[in-house]
Amino acid sequence: MSDSNVASSFEEFFHGWLMRQRFHLDELVSAQQQLLPDGDSIRGLINRVLCHYGQYYEEKSKVTQNNIILVFSPPWFTSLERMFLWVGGFKPGMAFEVVNTALEDELSEEQKHRLSQIQQQTKFKERELNDELAKVHESVAAPPLVEMARSHGKMCLGGATLDSQSNISVPSTLKVTLENLVIRADSLRRNTALKVVQVLKPAQAVTFFAAVAELQLRVRAWGLEKDGLSGG
């Protein structure tokens with residue numbers, strides 16, 4: 001599959017995924033307002049949301065395998081969303097910022113302690129990935145990795161593809177290294193979120209997921225507005 005087809009295929013999936021994200025947000029807010037007890041209904045909602053995020057990572061892994069450069073500057077994201085990218089996605093530590101803001105007065109001391117431990121473990125793994133990505137940057141002579149990703153993203157938006165005559169060439173060893181970094185970063189993102197949810201009570205997990213979805217959709221809306229005003 002060509003690079004432009006990979007980008008457009010994921011973009012189509014992503015638009016549908018965002019529509020389902022808005023639907024899940026409505027469900028989460030409704031559950032909050034109704035103060036549903038910690039029963040099968042609320043646990044079922046949490047499982048549906050987790051499956052929803054699982055679908056995203058499954059589809060993203062296909063892009064990672066097809067063309068890793070696209071993951072570092074996704075043409076399906078707005079310029080604002082791309083500002084938040086860290087190794088091809090959001091930084092895992094953001095989960096703690098959201099949970100502390102959304103549940104500031106609802107966490108027990110034991111929960112705060114457990115979340116703090118998970119946060120320290122996450123920071124350590126983030127630093128490891130940062131160090132490895134820095135080594136990749138140092139190994140890339142020209143163009144730098146970020147500029148390479150940006151240029152490639154623009155080409156895919158315009159319907160162009162990479163070929164043997166392109167000025168953008170990524171050695172196979174670099175591709176493998178970047179793929180492994182993104183796979184590990186995605187694993188850290190997913191595992192961190194799961195560990196956070198395991199610490200929370202079901203009702204707290206609903207509040208957490210609602211805050212995450214609201215933040216993502218708000219950043220998306222702001223990004224679309226910003227790009228619209230600047231002409232894309």
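**Notebook: helices, pocket and cavity**

I looked up L45 first and found L45 buried at a relative accessible area of 4%, where buried means under 20% relative accessible area, exposed over 50% and partly exposed in between, with a 1.4 Å probe and protein chains only. I am working from a predicted model, in which local features need pLDDT of at least 70 and side-chain atom pairs count only at pLDDT 80 or more, while totals for chains, interfaces and linings use all residues. Residues are numbered from 1 along each chain as its sequence is written, and side-chain values use heavy atoms, with hydrogens and water left out.

**L45 and A31**

I placed L45 in helix α2, taking helices (H or I, at least four residues) and strands (E, at least two) as DSSP runs numbered from the N terminus. Leaving aside neighbours within four places in sequence, I found L45 in contact with E27, L28 and A31, contact meaning heavy atoms within 4.5 Å. I also noted that the C-alpha atoms of L45 and P202 are separated by 9.6 Å, with their positions 157 residues apart along the chain.

I then followed the contact to A31, which is found in helix α1 and counts as buried at 6% relative accessibility. From C-alpha to C-alpha, A31 and I42 are 7.4 Å apart in space and eleven residues apart in sequence.

**The chain as a whole**

I counted nine helices and zero strands in the protein chain. Of its 232 residues, 42% count as buried. Among contacts between residues at least 6 apart in sequence, I found that 79% join residues at least 24 apart.

**α2 against α8**

I looked up how α2 lies against α8, and found that their axes come within 11 Å and cross at roughly 175 degrees; axes are lines fitted to C-alpha atoms, for helices over the stretch in contact, and angles run from 0 to 180 degrees between N-to-C directions. That makes α2 roughly antiparallel to α8, since angles under 35 degrees count as roughly parallel, over 145 as roughly antiparallel, 65 to 115 as roughly perpendicular and the rest as oblique. On the α2 side I listed L50, G54, Y57, K60, T64 and Q65, and on the α8 side E179, V182, D186, R189, R190 and L194. By class, this contact of α2 with α8 has four nonpolar, three polar and five charged residues, where Ala, Val, Leu, Ile, Met, Phe, Trp, Tyr, Cys and Pro count as nonpolar, Asp, Glu, Lys and Arg as charged, and the others, Gly among them, as polar.

**Pocket and cavity**

I next searched for open and closed spaces on a 1 Å grid over the protein atoms alone, where a cavity is a set of points where a 1.4 Å probe fits but cannot get out, a pocket is an open set with protein on both sides within 12 Å along at least five of seven lines, and lining residues have an atom within 4 Å of a point. Grid points are joined across faces, edges and corners, and a volume is the space filled by probe spheres set on the points.

The largest pocket holds about 760 Å³ of space, and of the 29 residues that line it, I noted Y53, Y57, F90, V212 and Q216 as the closest to its centre. I found that α1 (3–34), α2 (40–66), α5 (94–102), α8 (172–199) and α9 (202–229) each supply at least two residues of this lining, which divides into 20 nonpolar, four polar and five charged residues.

Over the whole structure I found one cavity of 30 Å³ or more, and the largest cavity has a volume of about 50 Å³. I listed its lining as F10, Y56, K60, V63, V71, P74, W76, F77 and G88, with α2 giving the most, at three residues.

**V87, V199 and E132**

I stopped at V87, in the loop between α4 (79–83) and α5, as V87 has a positive phi of about 50 degrees although it is not a glycine. Most residues other than glycine have a negative phi. V87 is buried, with a relative accessible area of 5%.

I found V199 in helix α8, buried at 7% relative accessible area. Not counting residues up to four places away in sequence, V199 touches Q111, R114, L115 and I118.

Last, I looked up E132 in helix α6 (residues 109–139) and found E132 partly exposed at 29%. With residues up to four places away in sequence not counted, E132 touches L181 and R184.
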